[in-house]
Amino acid sequence: MKEIIAYAQQIGLEIGERTIPAKKVSINKTRTEYDTLELLRQGLTVAEIAKRRDLAMSTIYYHIEQLILAEEDIILDKFVPKEKQPAIRRAFIQIGWEKLKPIKEALGDDFSYEELRLVRAKLMVEKRQRS
């Protein structure tokens, strides 16, 4: 749990009733995230990138999450169907940002944890940009 709280604080996600801070969170892309970004820019899918780089798809989705948080030009619609995004956004607003499991339980099996993580990252960036 300590690691989760530390990570949440690192990316600017506040715990409990506190809000996401207005300041831009400085996230340094690792070389592996940069490699993923380059392949995304070439038009490869998550599955293609994972296969080419011999990584799990969950790792590639983690890279994409970090790239979104670093405010790279990532188009969310490529990874989360546009029709799913409003429901995910509403769930985060109603339930909270801290944990994914309550969101997943509320939305059901039609939504993946990867989709939830990416939408949450995008929401966090949007909130920082508005503040």
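The crossing of helices H2 and H3 is right-handed in this predicted model, and their axes lie 10 Å apart at an angle of about 130 degrees. Because an angle between 115 and 145 degrees falls outside the ranges for perpendicular and antiparallel packing, H2 is described as oblique to H3. Helix H2 also packs against helix H4 and gives the most residues to the lining of the largest pocket, while a separate pairing brings together helices H5 and H7.

**H2 with H3**

- Helix H3 covers residues 46-53, and from it Ile49, Arg52 and Arg53 take part in the contact, where they meet Thr32, Asp35, Thr36, Leu39 and Leu40 of H2.
- Sorted by class, the residues of the contact of H2 with H3 comprise 3 nonpolar, 2 polar and 3 charged.

**H2 with H4**

- Helix H4, which spans residues 57-69, packs on H2 with the two axes 9 Å apart and at an angle of about 90 degrees, and the two helices are therefore roughly perpendicular to each other.
- On the H2 side the contact involves Thr32, Glu33, Thr36, Leu37 and Leu40, and on the H4 side it involves Ile60, Tyr62, His63, Ile64, Gln66 and Leu67.
- The contact of H2 with H4 contains 6 nonpolar residues, 4 polar residues and 1 charged residue.
- Leu40 of H2 is among the residues that meet H4, and Leu40 is also among those that meet H3.

**The largest pocket**

- The largest pocket holds about 240 Å³ of space, and its lining is made up of 13 residues.
- Leu40, Arg41, Ile75, Lys78 and Phe79 are the lining residues that lie nearest the centre of the pocket.
- Helix H2, which runs over residues 31-41, contributes 3 residues to this lining, and no other element gives as many.
- By class, the lining consists of 8 nonpolar, 2 polar and 3 charged residues.

**H5 with H7**

- The axes of helix H5 (residues 85-95) and helix H7 (residues 113-130) come within 10 Å of each other and cross at roughly 70 degrees, so the two helices are roughly perpendicular.
- The crossing of H5 and H7 is right-handed.
- From H5, the residues Gln85, Ile88, Arg89 and Phe92 make the contact, and in H7 their partners are Glu115, Leu116, Val119, Arg120, Lys122, Leu123 and Glu126.
- The contact of H5 with H7 has 5 nonpolar and 5 charged residues, together with 1 polar residue.

Technical notes:
Residues numbered from 1 in each chain as written. Predicted model: local features only at pLDDT ≥ 70, side-chain atom pairs only at ≥ 80, totals over all residues. Heavy atoms only, no water. Axes fitted to C-alpha atoms, helices over the stretch in contact; angles between N-to-C directions. Helix = DSSP H or I, 4+ residues; strand = E, 2+ residues; numbered from the N terminus. Parallel < 35°, antiparallel > 145°, perpendicular 65-115°, else oblique. Left-handed = near helix turned anticlockwise from the far one by under 90°. Contact = heavy atoms within 4.5 Å. Nonpolar A, V, L, I, M, F, W, Y, C, P; charged D, E, K, R; others polar. 1 Å grid on protein atoms, 1.4 Å probe; cavity = no way out; pocket = protein on both sides within 12 Å on 5 of 7 lines; lining within 4 Å. Points joined across faces, edges and corners; volume = space filled by probe spheres on them.
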